[in-house]
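Trainee: Can we walk through this model together? I would like short answers, each with its reasoning.

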Amino acid sequence: MNRETVSGVGGYTLSRHMMHTFLWMTAGLAVTALVAAVTLLSGLWITIFSIPFASIILVVAELGVVIALTSRLDRMQVSTARILFLAYSVLTGITFSVLPLAYGISTMFIAFGFTALMFGSMAVIGMTTQKDLSGLGPILMTGLITMIIMTVVGWFIDLSAIEMVLNYVMVGLFLALTAYDMQKMRAIYYSFEGDEMMLSKLSIYSALDLYLDFINIFLYVLRILARNSKN
């Protein structure tokens, strides 16, 4: 009897946990796309982004939601975790509403296609590889923090000469994080196996991880395509 069969005794198997995670991730992406479209087509983006520091307010709100969800997950209700995840998706949708104005709809569709293909491939690798990826966590986070610092430095110093390199590095980092987060989702399942309530909340946590991987890959692929189209 394999581990998956044993896990099914409690009614909450690994495959079911994965299905819940991907359903919530997909729901989050759908909400983001819908909110972005409605905000753009209704002209609401004009009102929102005419507010002083609107972009900063949205980023702070998104960060607040992530902190609230991840730091209090063990104490909150499943419904609260779901509401917070959807709230983050809505905030991201508002932020993304201006992307078509900057990059064009056709470029966004192409970027989405590339992102879905790469994300799907790395998700499969992360789920099927026998190699333990847990040691990559500190390395990936160090690389990510370094790149974020360089992005902030780029606000004050012209880094346009290496901007394309930075974009490719960020895509690589988030692809690696996708495989890492997939394996982490499996490890989390086995750590809380039998606790269906906690696993329901953790499926939202993992959905947020994968959602963040997906949208960040999308953003950097979008920048790469836009930069190439100008050359």
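**Contacts, pockets and rings**

Mentor: Start with one side chain in this predicted model. R227 has a relative accessible area of 26%. Partly exposed runs between 20% and 50%, so R227 is partly exposed.

Trainee: Which residue's side chain meets R227 in a salt bridge?

Mentor: The cut-off is 4 Å from a side-chain nitrogen to a carboxyl oxygen. Here the N to O distance is 3.1 Å, which is within it. The partner of R227 is E163.

Trainee: How many residues apart are E163 and R227?

Mentor: The salt bridge between E163 and R227 comes in at 3.1 Å. This pair links distant parts of the chain. E163 is in helix 9, residues 163–191, and R227 is in helix 10, residues 196–230. The separation is 64 residues.

Trainee: Is E163 buried, partly exposed or exposed?

Mentor: Buried needs under 20%, and exposed needs over 50%. E163 has 34% relative accessibility. That value lies in between, so E163 is partly exposed.

Trainee: What class does R75 fall in, buried or exposed?

Mentor: R75 forms a salt bridge with D74, at 3.7 Å from N to O. Its relative accessible area is 56%. The limit is over 50%, so R75 is exposed.

Trainee: How many salt bridges are there by this rule?

Mentor: E163 with R227 is one of them. R75 with D74 is another salt bridge. The full count is five.

Trainee: D181 and K184 meet in a salt bridge; which helix do both lie in?

Mentor: Their N to O distance is 3.7 Å. D181 and K184 are three residues apart, about one turn of the helix. Both lie in helix 9.

Trainee: Of D181 and K184, which is buried?

Mentor: K184 has a relative accessible area of 23%, so it counts as partly exposed. D181 comes to 8%, under the 20% limit. The buried one is D181.

Trainee: Which residue is linked with D181 and K184 in a network of salt bridges?

Mentor: D181 and K184 already meet at 3.7 Å. The network of salt bridges links them with one further name. That residue is D209.

Trainee: Now the pockets. Which helix gives the most to the lining of the largest pocket?

Mentor: This pocket has a volume of about 1,700 Å³ and is lined by 45 residues. Those nearest its centre are I148, N216, L219, Y220 and R223. Six helices each supply at least two lining residues: 4, 5, 6, 8, 9 and 10. The most, nine residues, comes from helix 9.

Trainee: How many charged residues are in the lining of the largest pocket?

Mentor: Sort the lining by class. Nonpolar residues number 29 and polar ones nine. The charged residues come to seven.

Trainee: About how much space lies in the second largest pocket, and which residues are closest to its centre?

Mentor: Its space is about 470 Å³. Its lining has 17 residues. The closest to the centre are A33, A36, M108, F112 and F218.

Trainee: How many charged residues line the second largest pocket?

Mentor: Helix 2, helix 7 and helix 10 each supply at least two lining residues. The largest share, seven residues, comes from helix 2. By class there are 15 nonpolar and two polar. Charged residues: no.

Trainee: Does the span of helix 2 agree or disagree with the expected value, and what is it?

Mentor: Helix 2 has 28 residues. At 1.5 Å a residue, they should span 40 Å. The end C-alpha atoms agree, at 40 Å.

Trainee: On to the rings. How many aromatic pairs are there, and which arrangement do W24 and F85 take?

Mentor: The whole structure holds eight aromatic pairs. W24 and F85 lie 6.4 Å centre to centre, with 80° between the planes. Over 60 degrees counts as edge-to-face, so this pair is edge-to-face.

Trainee: How many residues apart are W24 and F85?

Mentor: The rings of W24 and F85 are 6.4 Å apart, centre to centre. W24 sits in helix 2 and F85 in helix 5. They are apart by 61 residues.

Terms used
Residues are numbered from 1 along each chain as its sequence is written. This is a predicted model: local features need pLDDT of at least 70, side-chain atom pairs count only at pLDDT 80 or more; totals for chains, interfaces and linings use all residues. Side-chain values use heavy atoms; hydrogens and water are left out. Buried means under 20% relative accessible area, exposed over 50%, partly exposed in between (1.4 Å probe, protein chains only). On a 1 Å grid over the protein atoms alone, a cavity is a set of points where a 1.4 Å probe fits but cannot get out, and a pocket is an open set with protein on both sides within 12 Å along at least five of seven lines; lining residues have an atom within 4 Å of a point. Grid points are joined across faces, edges and corners, and a volume is the space filled by probe spheres set on the points. Ala, Val, Leu, Ile, Met, Phe, Trp, Tyr, Cys and Pro count as nonpolar, Asp, Glu, Lys and Arg as charged, and the others, Gly among them, as polar. Rings of Phe, Tyr and Trp (its six-membered ring) pair if their centres lie within 6.5 Å; planes under 30 degrees apart count as stacked, over 60 as edge-to-face and the rest as tilted. The expected span of a helix is 1.5 Å times one less than its number of residues.
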